[in-house]
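Here are a few exercises to work through with the structure open. Try each task before reading its solution.

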Amino acid sequence: MQFRTGTTDDVATLWALRTRCVRETCSSHYPPEVIAPWSASPPPSQYARLLGQGGCVVAEDAQGALLGFGVFDSDANEVDALFVDPGRGGQGIGQALMQRLLAMADPTREVVLSASLNAVAFYQRQGFVADREELYPHPSGVALASVRMHRPV
């Protein structure tokens, strides 16, 4: 496994993996009427900005195939996204990406994130603590049930 910084040229490829993850992984915790608009939504404008600022880590195999990616918003000290190819779960890819995202964080502030329901246990294993359940106002127009979490300093 190798890592590189994602660029704005990667947005379409990364978004395609994100869409697969929503359909294949998140569907275990969300009904079809939520998955459909969520998975059909285009990349938010913040993706290009965050990737342009160097806030994306891409994991690839030795042949350059996409294994997963993570996006970090340094202004908010927030993990904005973390997705692993659904066929490659449980291989340490997510944990390795998280370590790289946390290396971008301001060590004097808590790192925060909004976890999809299927990802809460993963984030807890990475040292995050659940604060509250919330409805995340997704740009697609659906209110996604999620859990606001933080990683103590």
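**Exercise 1. Is Ser-39 buried or exposed, and why does it count that way?**

Keep in mind that this is a predicted model.

Step 1: Take the relative accessibility of Ser-39, which is 6%.

Step 2: Hold that against the cut-off, where buried means under 20%. Ser-39 therefore counts as buried.

Step 3: Now look at what surrounds the residue. Leaving aside residues up to four places away in sequence, Ser-39 touches Arg-18, Thr-19, Val-22 and Arg-23. With Arg-23 there is also a polar contact, side chain to side chain, at 3.4 Å.

**Exercise 2. Work out which face of H2 is buried, and what it packs against.**

Step 1: Find the helix. H2 covers residues 32–40, and Ser-39 sits in it.

Step 2: Pick out its buried residues, namely Val-34, Ile-35, Trp-38 and Ser-39.

Step 3: Look down the helix axis. These buried residues fall within an arc of 110°, so they line one face of H2. That fits the general rule: an α-helix has 3.6 residues a turn, so residues three or four places apart point the same way.

Step 4: Check the face turned away from the buried side, and you'll find the exposed residues Pro-32, Glu-33 and Ala-40.

Step 5: Ask what the buried residues pack against. The partners are helix H1 (11–24), S5 and S7.

**Exercise 3. Do the same for H3.**

Step 1: H3 spans residues 45–52, with Tyr-47, Leu-50 and Leu-51 buried.

Step 2: Those residues cover an arc of only 95° around the axis, which puts them on the same side of H3.

Step 3: Flip to the other side, where Ser-45 and Gly-52 are exposed.

Step 4: The buried residues pack against H1, strand S2 (56–60), strand S3 (66–73) and strand S4 (78–84).

Step 5: Carry on past the helix: H3 is followed by Gly-54, with a positive phi near 85°.

**Exercise 4. Which strands pair with S7, and in what sense?**

Step 1: Start with S5 (residues 111–116), which pairs with S7 (residues 143–151) in the antiparallel sense over six bridges. As a landmark, Leu-113 stands opposite Met-149 in S7.

Step 2: Move on to S6 (residues 129–137). Eight bridges join S6 to S7, and the two run antiparallel. Here Tyr-136 has Leu-144 as its bridge partner in S7.

Step 3: Trace the link between S6 and S7: they form a hairpin with five residues between them. In the turn, Gly-141 has a positive phi of about 100°.

Key:
Residues are numbered from 1 along each chain as its sequence is written. This is a predicted model: local features need pLDDT of at least 70, side-chain atom pairs count only at pLDDT 80 or more; totals for chains, interfaces and linings use all residues. Side-chain values use heavy atoms; hydrogens and water are left out. Helices (H or I, at least four residues) and strands (E, at least two) are DSSP runs, numbered from the N terminus. Buried means under 20% relative accessible area, exposed over 50%, partly exposed in between (1.4 Å probe, protein chains only). A polar contact is a pair of N or O atoms within 3.5 Å; within protein, one must be able to donate a hydrogen and the other to accept it, and residues adjacent in sequence count only if both atoms are side-chain atoms. Contact means heavy atoms within 4.5 Å. Two strands pair if DSSP finds at least two bridges between them. The arc is that of the directions from the helix axis to the C-beta atoms.
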